[in-house]
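Biologist: I would like a close look at a single part of this model, taken slowly and with its surroundings included. Please start from one residue and work outwards from there.

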Amino acid sequence: MGIVRRTYTTVRNFLFSWLNKDFLIFLFFLMLSGIFWLQMTLNETYEKEFLIPVKITGVPKNIVFTTDDNDTVKVTLRDKGLQLISYMYGERLHALAFNFKTYARNGGRGSIPSLDIQKAVYQQLSTSTKIIAVKPDKVEFFYNYGQHKRVPVKLAGNVVPESLYFISGYTCQPESVDVYAIQGQLDSIHMVYTEPLNYTNFRDTLTVKSRLSAIHGAKIVPRSVTLRFYTDVLTEESIDDVPIQGINMPEGRVLRTFPSKVTVSFVTGVSIFRRIGPEDFKVVVDYEEIKRKPSDKCTLHLRHVPHGVTRAKLSIQEVDYLIEEE
């Protein structure tokens, strides 16, 4: 107790010593001038933008909104600073409620005009407050009676790994989503795209959660998907003994080529190369082409390569041939 008493005495003597009396007087007048300045500032007229939610009420049970049934309008108000602060930190501005039946129209859409929005806002304001602007100039909503269809999700954007790596495959979960809209719009929607992705210079498996691009007047469920991109190391390889096949051959005739097999070189991933063989490639000679341009040699065409194979090319472009009767 003695220590506390001595500390209190020391602080009191310091604050009320003749040296600090002038300092306390200075603080008093500084605080007083601050109060006057704040009062004058808050008495000035200002403009402030407020976000006010819009809610549709009285919605029938068989109605499905194809856009969010809760929207937001930006309202710019003009009044003295003190009044605007009461709107900012008080509870005077509530969500604006509009009855569904009043504004719904045939065709699956409704519209709340700016004038009705302003009337609803003025009911919450003081008489001194003026509305300067309302954005947007109207609030639209879309609805149907449950019609929907399932459509696939497609990737949009740019996903490129580091050099010497490539995308060996990717998965999307879920692969398809439900779209709700009026029937005429549903008939024109065949797929949904992700929001544009931009990922570069990665080498390990990349997992991305992406929202789906919005479709005006339609509702997408779910609104996001999970994408997983798998990478592999690029390698330049070749496969021998790929057979040459004849196509469009007339009945009773057989094509023989010399040689009968060729080598295909290509670029692919290390893991993919382990799984492919000569039977995964298709090298052909077209009999119709031979008929049009008779020659001692026929031209080879690489018609099919396995998934994940790029820059494929044949070791030779032409071969000798014979056409025999069976």
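Modeller: Leaving aside residues up to four places away in sequence, Asn144 touches Asn62, Ile63, Val64, Thr66, Tyr180, Ala181 and Ile182. The model is a predicted one, and what follows should be read with that in mind. Asn144 belongs to strand 8, and because its relative accessible area is 1%, under the 20% limit, the residue counts as buried. Its side chain has polar partners a little further along the chain: the backbone nitrogen of Gly146 is reached at 3.0 Å, while the backbone oxygen of Gln147 lies 2.7 Å from a polar atom of the Asn144 side chain.

Strand 8 also holds Phe141, whose partner Phe65 lies in strand 2 (residues 64-65), so this pair ties together parts that are 76 residues apart in sequence. The two ring centres are 6.0 Å apart and the planes stand at 65 degrees, which is over 60 and therefore makes the pair edge-to-face. Both Phe65 and Phe141 are buried, and they form one aromatic cluster together with Phe100, Tyr143 and Tyr145. Across the whole structure, a search finds 11 aromatic pairs.

Phe141 leads on to the nonpolar interior, since it is listed with Leu96, Ile112 and Ile117 as having the most contacts inside the largest nonpolar core, a set of 26 residues. The elements that give two or more residues to this core include strand 8 (138-144), strand 7 (130-135), strand 3 (70-80) and helix 5 (114-122), but it is strand 1 that gives the most, with four residues. Ile117 shows how such contacts are spread along the chain, for it touches Val73, Leu96, Phe98, Ile112, Val134 and Val139 when residues up to four places away in sequence are not counted. In soluble globular proteins, nonpolar side chains tend to be buried together.

On another side of the Asn144 neighbourhood is Tyr180, one of the residues that Asn144 touches, and from there the path goes to a sheet. The bridge partner of Tyr180 is Lys219, in strand 16, and strand 12 (residues 176-180) pairs with strand 16 in the antiparallel sense over three bridges. These strands belong to an open sheet of four strands in the order 13-9-12-16, with mixed pairing, in which strand 13 (192-193) and strand 16 (219-221) are the edge strands, each pairing on one side only.

Two cis peptide bonds accompany these strands. One runs from Gln173 to Pro174, with omega near 0 degrees, and Pro174 sits in the loop between strand 11 (165-173) and strand 12. The other runs from Val221 to Pro222, with omega near -5 degrees, and Pro222 is placed in the loop between strand 16 and strand 17 (224-247).

Strand 17 contains Asp241, whose phi is near 60 degrees, a positive value in a residue other than glycine; with a relative accessible area of 48%, Asp241 is partly exposed. Asn201 likewise has a positive phi, near 55 degrees, but it lies in the loop between strand 14 (197-200) and strand 15 (206-211) and counts as exposed at 58% relative accessibility.

For the wider setting, the protein chain has eight helices and 24 strands, and 31% of its 326 residues count as buried. Among its contacts with a separation of 6 or more, 73% join residues 24 or more positions apart.

Notes. Residues are numbered from 1 along each chain as its sequence is written. This is a predicted model: local features need pLDDT of at least 70, side-chain atom pairs count only at pLDDT 80 or more; totals for chains, interfaces and linings use all residues. Side-chain values use heavy atoms; hydrogens and water are left out. A nonpolar core is a set of buried Ala, Val, Leu, Ile, Met, Phe, Trp, Tyr and Cys residues joined through side-chain atoms within 4.5 Å. Buried means under 20% relative accessible area, exposed over 50%, partly exposed in between (1.4 Å probe, protein chains only). Contact means heavy atoms within 4.5 Å. Rings of Phe, Tyr and Trp (its six-membered ring) pair if their centres lie within 6.5 Å; planes under 30 degrees apart count as stacked, over 60 as edge-to-face and the rest as tilted. A polar contact is a pair of N or O atoms within 3.5 Å; within protein, one must be able to donate a hydrogen and the other to accept it, and residues adjacent in sequence count only if both atoms are side-chain atoms. Two strands pair if DSSP finds at least two bridges between them.
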